[in-house]
Amino acid sequence: MSGHNKWSTIKHKKGAADAKRGKIFTKLIKEITVAAKLGGGDPDGNPRLRTAIDKAKGENMPKDNVERAIKKGAGGMEGVNYEETTYEGYGPGGTAVLVEVMTDNRNRTVSDVRSTFSKCNGNMGETGCVSWLFDKKGLLVYPKTTDFDKLFEASIEAGADDVVDEEEQYEVLTDPSAFHQVKTALEAAGFKPESAEITMIPQTMVKLDGKNAENMLKLMDRLEDNDDVQNVYANFDISAEDMEKMM
């Protein structure tokens, strides 16, 4: 399994995605609203908003919900002030963890996140303690039924940085600034991604098993369960055999 996509793969296998659809919608609405507030309500001139809308479509969010969130953000979001920040820490086995939050109460959020780390055999660290281990990249994922050679050729021609053959999928990596350009070009060439996002890619992976693996999945699950947490990234790697035991 792909390292940086490990968590999304695990969630899919656990069947947790549908069970948490309500929470996913809540987080996406928050992101769309803030993106529209900061960069305007026109997705063509607001890459962050365009990315959020694409993600919402990928989760089958109703169009009305998306439009309401854009109007709310573009209208100024009176009475609601979200602060964006990233917390960093260490998970079980010395794994690096990044937690992106969007909150209207920083004291509450930092307390909740710190408590979650502690309960799962991890601990929060100082700003900058692990962020250097991650690179911000555009990531497009394609099924193994895709013609790799044609995908590779089209991706490089569109301006992608690399195309990687992972065990379960093909991954196209881009500079964040080229993400929409590459995605649009590949879709025009007939390559529709299973998922597309701007994410944080770990430079190195930490292999986990046994109790550390269990605690790591618990930590990821509980962090994502927090309404103030938008995204969680970590550099853990768990073998397919161990995953089967924990399912």
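These exercises, each with a worked solution, explore a predicted model.

**Exercise 1. The four-stranded sheet**

Find the strand order of the open sheet of four strands, then say which strands stand at the edges.

*Solution.*
- Step 1. Read the order: β3-β1-β2-β9. The pairing is antiparallel.
- Step 2. Look for strands with a single partner. These are β3 (123-124) and β9, so each has one side without a neighbour in the sheet.
- Step 3. Check the join between β1 (residues 83-90) and β3. Two bridges link these antiparallel strands. Within β3, N123 is the bridge partner of Y90.
- Step 4. Add the helix. α6 lies across β1, β2, β3 and β9. Its direction makes an angle of about 20° with β1.

**Exercise 2. The nonpolar cores**

Which elements each supply at least two residues of the largest nonpolar core, and which gives the largest share?

*Solution.*
- Step 1. Start with the members. The core has 22 residues, and V97, V99, M216 and F236 touch the most other members.
- Step 2. List the suppliers: β2 (96-103), α6 (106-119), α9 (210-224), β9 (229-234) and β10 (236-238).
- Step 3. Pick out the largest share. α9 gives six residues.
- Step 4. Look beyond this core. A second, separate one has 14 residues, including L140, A154, A160 and L186.

**Exercise 3. Three salt bridges**

For R108, D165 and D237, name the salt-bridge partner and work out what each pair ties together.

*Solution.*
- Step 1. Take R108. Its partner is D228, with the closest N and O atoms 2.8 Å apart. R108 sits in helix α6 and D228 in the loop between α9 and β9, so the pair ties together parts 120 residues apart in sequence.
- Step 2. Compare burial here. R108 is partly exposed at 35% relative accessible area. D228 has 7%, so it counts as buried, the cut-off being under 20%.
- Step 3. Take D165. It pairs with K144 at 2.9 Å between the closest N and O atoms. D165 is in strand β5 (residues 162-165), and K144 is in the loop between β4 (134-142) and α7 (148-158), so parts 21 residues apart are tied together. D165 is partly exposed at 48%, and K144 is partly exposed at 35%.
- Step 4. Take D237. Its partner is K207, with the closest N and O atoms 3.0 Å apart. The pair links strand β10 to strand β8 (residues 206-208), 30 residues apart. D237 is buried at 17%, whereas K207 is exposed at 69%.
- Step 5. Widen the view. The whole structure has 15 salt bridges. K30, D104, R108 and D228 are linked in a network of them.

Notes: Residues numbered from 1 in each chain as written. Predicted model: local features only at pLDDT ≥ 70, side-chain atom pairs only at ≥ 80, totals over all residues. Heavy atoms only, no water. Core = buried A, V, L, I, M, F, W, Y, C linked by side-chain atoms within 4.5 Å. Buried < 20%, exposed > 50% of the residue type's maximum accessible area, 1.4 Å probe, protein only. Pairing = 2+ DSSP bridges. Contact = heavy atoms within 4.5 Å. Axes fitted to C-alpha atoms, helices over the stretch in contact; angles between N-to-C directions. Salt bridge = Lys/Arg side-chain N within 4 Å of Asp/Glu carboxyl O.
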